[in-house]
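Trainee: I have a structure open and I'd like to learn how to read it. Can you walk me through some features?

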Amino acid sequence: MGKDIKNICCIGAGYVGGPTMAVIALKNPQIQVNIVDINEQRITDWNDTDLDKLPIYEPGLKEVVEETRNKNLFFSTDVDTAIDNADMIFISVNTPTKTYGKGKGQAADLKYIELCARQIARVSKTDKIVVEKSTLPVRTAEALQGILSSTGNGVKFEILSNPEFLAEGTAIDDLLIPDRVLIGGNNTVSGKEAKNALSSIYEAWIPKERVLQTNVWSSELSKLTANAFLAQRISSINAMSVLCEETEADVDEIARAIGMDSRIGPKFLKSSVGFGGSCFQKDVLNLVYIAKSYGLDEVAEYWDQVIKLNDYQKRRFADKIIKESYNTVSGKKIAFFGWAFKKDTNDTRESAAIYVADHLLDEQADIIVYDPKVSEERIYADLEYLNTHSSEEIRNRVKVVSSHSEAVNNAHAIAILTEWDEFKAYNWKEIYSKVLKPANVFDGRNILDKEKLVNVGFNVYNIGK
Ligand code: UDX
Ligand code: UDX
Ligand code: ADP
């Protein structure tokens, strides 16, 4: 039997830490879970009595928070106290791609992780299990161990890797019914004890046979591998979408046909304007960097192609809009339906919409964005972050509206960037009456009923058809 965990601290109240800890608290009422973050606004939002103001939108999340918050789930900025009181500490801080120095644009930036490790080392007075929850390059645990064991005060740390596989938009379901939970740790007596202690927390709701134990390095590398495989599937089907457009094959028919081969499987074969999200690009680039750092150029190039194809797909979509607009979008209104990187989330990190918009801004288009969950400020911040157009130009050319009908008035084209369900249910006849003719719809997610729209009068351009 593993050690009995009574108090958990999670450093980082983000998209991973927040929902994961809320579900752990829900299923383990005997454990006190403290989520801490240095971002005061984020903690204030997590503590807001109005549950619609939580900093993250996930279906089912507010119900879980409502049931647990201030019972055995607490949000605070007091990191030191939470560390001090904890038997187990999850590190769930962000690990963005480095934007400076060695490995710029590829390697993961581990400065936030290192800061956490130093803080844990400084504050801890009793032995602790430290769990890597953030996605990390393989062998990060070594660096963590180095920092944690350098205190010389006799406190022992056991390091585990427990990568999170939840997808945004379905986080709560993925946490409640995961395909598997992965726990990596040392194969020493204390390492095994720590793995069992963490395992027992998950076994409160997950069948034991779905909790997998491995060594630390396998666990760290499995997370990168899983994301790289998933990203690669999307780039593979997107590569076929380009061929389809040349050959009158239909990419959705191909996906159905190959998906029925049980060796391939039907999921993650939806051709699109390109994958986004905080994980895929970051993790594949990180894999490329790691392979290169071991001198494995062929391996690095293999995975790099997944990113190149994704960039190509985003650019191709923008180019298509330009081409079908008589080769110029200058001063034309392009209505964007969707900005989030996928439906049912307010997250926009690496969303294809950002890059498509940027490319259209190069061509002096006016862009009107409607997304049911993304704020105006977020959209401006995403574009400003690219540093390719001035803040003034962005605010002049890009307008954010609060309904789809506002977006389409006198629009030269409509582009679907996110697969929000509501887009399918719109009154497309009414939309047709408001847009300029010829009425062009660019369906970057292949979600609309093409036949119906064509009957209404639209020209519909799909991906891979
Ligand atoms: C393949 C396709 O499976 C089949 O659907 C198609 O009709 C013809 O091509 P085949 O070449 O007969 O069939 O055998 P397959 O089992 O696919 O193996 C092909 C090669 O891949 C073999 O050398 C096999 O050893 C290798 N392989 C297969 C691996 O290295 N790893 C695997 O996980 C699977
Ligand atoms: C992903 C992994 O799925 C998850 O296991 C990991 O923990 C984090 O990274 P996430 O980025 O939240 O999750 O969403 P996901 O559903 O994987 O979608 C990623 C991107 O791929 C989205 O932009 C989505 O629209 C796109 N996508 C997904 C496709 O274009 N086609 C598909 O078939 C599936
Ligand atoms: P993820 O998608 O991995 O959850 P997020 O960016 O949503 O990433 O969340 C990470 C959180 O970690 C942020 O809210 C950030 O403020 C927090 N964070 C980063 N470094 C520290 C630190 N040293 N101590 C406490 N919180 C931190």
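Mentor: Sure, let's start with ligand 3: 21 residues surround ligand 3, and the closest are Gly12, Gly14, Val16, Val93 and Asn94. Here a residue is near a molecule if its C-beta atom, placed from the backbone, lies within 6 Å of it. One thing up front: this is a predicted model, where local features need pLDDT of at least 70 and side-chain atom pairs count only at pLDDT 80 or more, while totals for chains, interfaces and linings use all residues. Residues are numbered from 1 along each chain as its sequence is written, and chains are lettered from A and ligands numbered from 1 in the order in which they are written.

Trainee: Which element gives the largest share of the shell around ligand 3?

Mentor: That's α5, with three residues. Helices (H or I, at least four residues) and strands (E, at least two) are DSSP runs, numbered from the N terminus.

Trainee: What does that shell look like by class?

Mentor: Ala, Val, Leu, Ile, Met, Phe, Trp, Tyr, Cys and Pro count as nonpolar, Asp, Glu, Lys and Arg as charged, and the others, Gly among them, as polar. Around ligand 3 you get eleven nonpolar, eight polar and two charged residues.

Trainee: And which residues are closest to ligand 2?

Mentor: Lys270, Ser272, Phe275, Gly277 and Cys279, out of 19 residues that surround ligand 2. Helix α9 (residues 216–247) supplies the largest share of that shell, three residues. By class, the ligand 2 shell holds eleven nonpolar, four polar and four charged residues.

Trainee: How do I describe two helices that pack together?

Mentor: Two packed helices are described by the angle between their axes and the distance between the axes. Axes are lines fitted to C-alpha atoms, for helices over the stretch in contact, and angles run from 0 to 180 degrees between N-to-C directions. Take α5 (residues 111–123) and α6 (residues 140–148): their angle is about 35° and their axes are 9 Å apart.

Trainee: Which residues of α5 and α6 meet?

Mentor: Contact means C-beta atoms, placed from the backbone, within 7 Å. From α5 come Ile113, Glu114, Ala117, Arg118, Ile120 and Ala121, and they meet Thr140, Leu144, Ile147 and Leu148 of α6. That contact divides into seven nonpolar, one polar and two charged residues.

Trainee: What about unusual backbone spots?

Mentor: Most residues other than glycine have a negative phi, and most peptide bonds are trans. In this model, a cis peptide bond joins Lys437 and Pro438, with omega about -5°. Pro438 sits in the loop between α18 (428–434) and β13 (440–443). Glu350 has a positive phi, near 60°, and its place is the loop between β9 (333–337) and α13 (352–362).

Methods: Contact = placed C-beta atoms within 7 Å.
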